[in-house]
Amino acid sequence: MSVPDYMQCAEDHQTVVVVVQPMGIVPEDQFFRIYKRIASVSQVSIRDSQRVLFIRFRHHYPPENNEWGDFQTHRKVVGLISVTSCTTAKEWPQTSDRFHGQKEVFGSTLYDSRLLVFGLQGEVAEQQRTDVAFYPSYDDCPDVEKRVEDFVESIFIVLESKRLDRATDKSGDKIQMLCVPFEKKDFVGLDTDSRHYKKRCQGRMRKHVGDLCLQAGMLQDALVHYHMAVELLRSVNDFLWLGAALEGLCSASVIFHYPGGTAGKSGARKPSVSSAADAGKRHRPGAQEVLIDPGALTSSGISADTSAEIGRAKNCLSQEDIIEKYKEAISYYGKYKSAGVIELEACIKAVRVLAIQKRAMEASEFLQNAVYINLGQLSEEEKIQRYSVLSELYELIGFQRKSAFFKRVAAMQCVAPTIPEPGWKACYKLLLETLPGYSLSLDPKDFSKGTHRGWAAVQLRLLHELVYASRRMGNPGLSVRHLSFLLQTMLDFLSDQEKKEVTQSLENYTSKCPGGMEVISLPDGLKLPPVPFTKLPIVRSVSLLNLPVSLRPHKVKGLLGQGLSSASPFIYSPITMHSRGDERSKKIDFQWVQGDVCEVQLMVYNPMPFELRVENMGLLTSGVDFESLPAALSLPAESGLYPVTLVGVPRTAGNITINGYHTSVFGVSSDCLLEGLVGVKSSGCMVEVVPSLPRLQLCTSLPRSAHLSSEDLSTSVSLQLFNGETQQLTITLENIGTETLNTLELTSKTLSTKEKLFGEFLTWDLQDALSHLPLKSGQSVSIPVNISAKLDFSGQESLLNDLNDDGISVTGLPVSSPLRQVLKPRTENKPVGSDASKNEFNHVKTLEAVLTFKYSGGAGQVEGYYRELSLGVRVDVEPSVFFTRVSTLPATRMAIQVDKLDFDSMPVTDHDALRQATVRQQEEKRQQVQGGLINSTLDIHWTIISFTEASCPDNTIPNSFFLTLQC
């Protein structure tokens, strides 16, 4: 026997083989439709009996295996069902002859046969025949199953008669010598009268009767016959048949212990009536066990009355003894080279039993033995089947990696060089089935959880084989997907050279078939999920950036509380806070504006040993309509953290969620979601987008300055003024947005200063600008702002410390004059390090203020939002008059002695005016009154020369002049 049946199991010993074959031209799909209905009758309960006959249907059966039917009767073909098409009566004679010819192939072993004819109608079809059934068509055959049941019952009648004939054989010394095909030549010239020969005949016949009893549903009788056969064959060292008797004993015991079968779900069968009854007896207390006695054998070795036989061994093996007997039987088979198929099938049966007993290590020993059994020259198809079955059996006992190994060997066998037409599709399918055994899956999400599982080197080899097999199949899309998976999941295990080779191959594949994010469905229903390149580049942090200060939206204070929910009467609810905790933790505390460019910053780095080019990189969002503006970047080899800013424009208002980003690397488009990134730091991914607002651009008549550098300022200007001088600043506002400007407000704020300021620092008239509203897109409006600097430079004794020439102490007095010292150079034109510069810097006072433009319009105004535009103003104020020298002159008048100045008798200010004035204004008024009193009492007066064009015809103004103070 050269063709093993890898699906064999122990319970197959109680089945009879029926071959179902097409005859002539029969459509394949129609034949297998009928075959499926025939095979559904896998067991038939015999009428007037509690026994069940099990049938094993085969549509292909090697005739050489049938020759081993005497050795093990479950290998003998006892039934034949032929399926044929016949449309006319003229074809019937030829069809009948073919049927008889087909029966001759298995004629020596057939018990009965049937012919199913489809398509023939008329006189011939109306004939009543037991071996032929006529049907009008393949669709009109309602009683096929009933015909098969009748056919099986006729087989049982023949089987039962043969069992009775062999079991009651009283021919004495003339027992037939049963033999296997390769033994026939060994018996030529053998002494048939020797006792050794007779015992061999008796033992083999006893074993044969045990097979028939097992097939006929008489389990207990079969056990007895097997035990007696073992004793007889062991005494004459007939090892091949002894092994068969032991295997029969094991099979009967397995059927007794495991009524549901050992073939798994696919081969599970309903327990027979007798088997179920026997199983019940096994657990019933006091149940009598039938024992045998080898001494009770008759001279012929055959006794029909087995109930009277008692002896040493029990009739049914225990679960542990079953395995021991299997080992013994396999060791006997191993003595015969021609019994390799029998040995292999016995190993498979033992493994299935051990799998049920959960004895994986012992099962692996049987499988290891099966691997080294030499079956001679096997075809490539037989090799593939052998390795596939070994893989399934290893998987059955839980040896996943060993199972994957043999399945991969089977896959490689499908494309062996000796095969004229390699089966790349079969190879690819088998390779896919090996993935679980090597801790591989086709979902990249499984590789982002925890540490890497499995042997990376083996996994890389397998993935490369998948890429190659899919390419040879003519499916470049599969090649791209598997190569992308390899690069994404195995990047850490690739050398620098391997990284270059893989990326070059990927670029070659994507030049013909670009990779995408679609799910690839295979013909067998398997779906390949997309593979986003989250490691090319690797993202470490994601930050949503706020808008520039001048573009940030602000909420009107009176409307801040309108958005709060009032559904709950409680001020605080822990349940509500808990349910919304995740959402709040993700939401950003600033806002974006519809129609304005928004930014998200990513910190990325390139893990590749070469420059990485990333194309079409943009944001993935949800919640509002968002226009992503893609970017392209080039990262140097093995770069450190590199900032990348992705921008886009929200087109509608609402809550927008940044879900991730999309890239195109090596021709593969990827959608990378933030939730799938490992080790990414993020301050939040949700932000509110408010309705659109107008956008103003500010220009001034003065150049920009960097003196006032603050994030809150849109721009700033600076200028220098003499004390008391006024200068006009023209501010131009242009609407560069798409929304119309409806409202405009201007406010100023003088920054904290210690200087005493007289009058208003900044003044303006906004009425002319407001008359131009609403301001449409592209229009502008100008606003003049007057800047006045009036400071108090008095009380600075340091200015006069070195000016007196006669030792008389002099105290500076308030000086204010709009006279500009034209000839005096500005401090900004002098060297910074000079002493003069230092001295003059001490005289300069600084005023700083911020002009804030508050404006709104469009849909954002309706929702209560506005924007602010801030202008910083810095003024350096210098004194208008300097005392360069102070001298005392002889008095021309009599000195006036004043004991005390009466400030208490000064006129009182109106109380109503006093209440309305500020503290500062009250202090200024008081000083003016006191100064006037001193001046009138001491008669102090002076004259400051006014330099005009009339007094200076040569347009030269002196740097200094004399001031005479009289008192």
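This dialogue goes through the nonpolar cores and one helix pair of a predicted model.

Reader: What kind of model is this, and how are its residues numbered?

Author: The model is predicted, so that local features need pLDDT of at least 70 and side-chain atom pairs count only at pLDDT 80 or more, while totals for chains, interfaces and linings use all residues. Residues are numbered from 1 along each chain as its sequence is written, and side-chain values use heavy atoms, with hydrogens and water left out.

Reader: Which residues have the most contacts inside the largest nonpolar core?

Author: In soluble globular proteins, nonpolar side chains tend to be buried together. A nonpolar core is a set of buried Ala, Val, Leu, Ile, Met, Phe, Trp, Tyr and Cys residues joined through side-chain atoms within 4.5 Å, where buried means under 20% relative accessible area with a 1.4 Å probe, protein chains only. Here the largest such core has 80 residues, and L487, L536, W592 and L602 have the most contacts inside it. Apart from this core lies another, of 70 residues, including M205 and W241. Of the 967 residues in the protein chain, 45% are buried.

Reader: How are helix 7 and helix 9 placed relative to each other?

Author: Two packed helices are described by the angle between their axes and the distance between the axes. The axes of helix 7 (residues 239-257) and helix 9 (residues 319-333) come within 8 Å and cross at roughly 155°; angles over 145 degrees count as roughly antiparallel, and the two helices are therefore roughly antiparallel to each other. Their contact (heavy atoms within 4.5 Å) includes L246 and C250 of helix 7 and I322 and Y326 of helix 9.

Notes:
Buried < 20%, exposed > 50% of the residue type's maximum accessible area, 1.4 Å probe, protein only. Axes fitted to C-alpha atoms, helices over the stretch in contact; angles between N-to-C directions. Helix = DSSP H or I, 4+ residues; strand = E, 2+ residues; numbered from the N terminus. Parallel < 35°, antiparallel > 145°, perpendicular 65-115°, else oblique.
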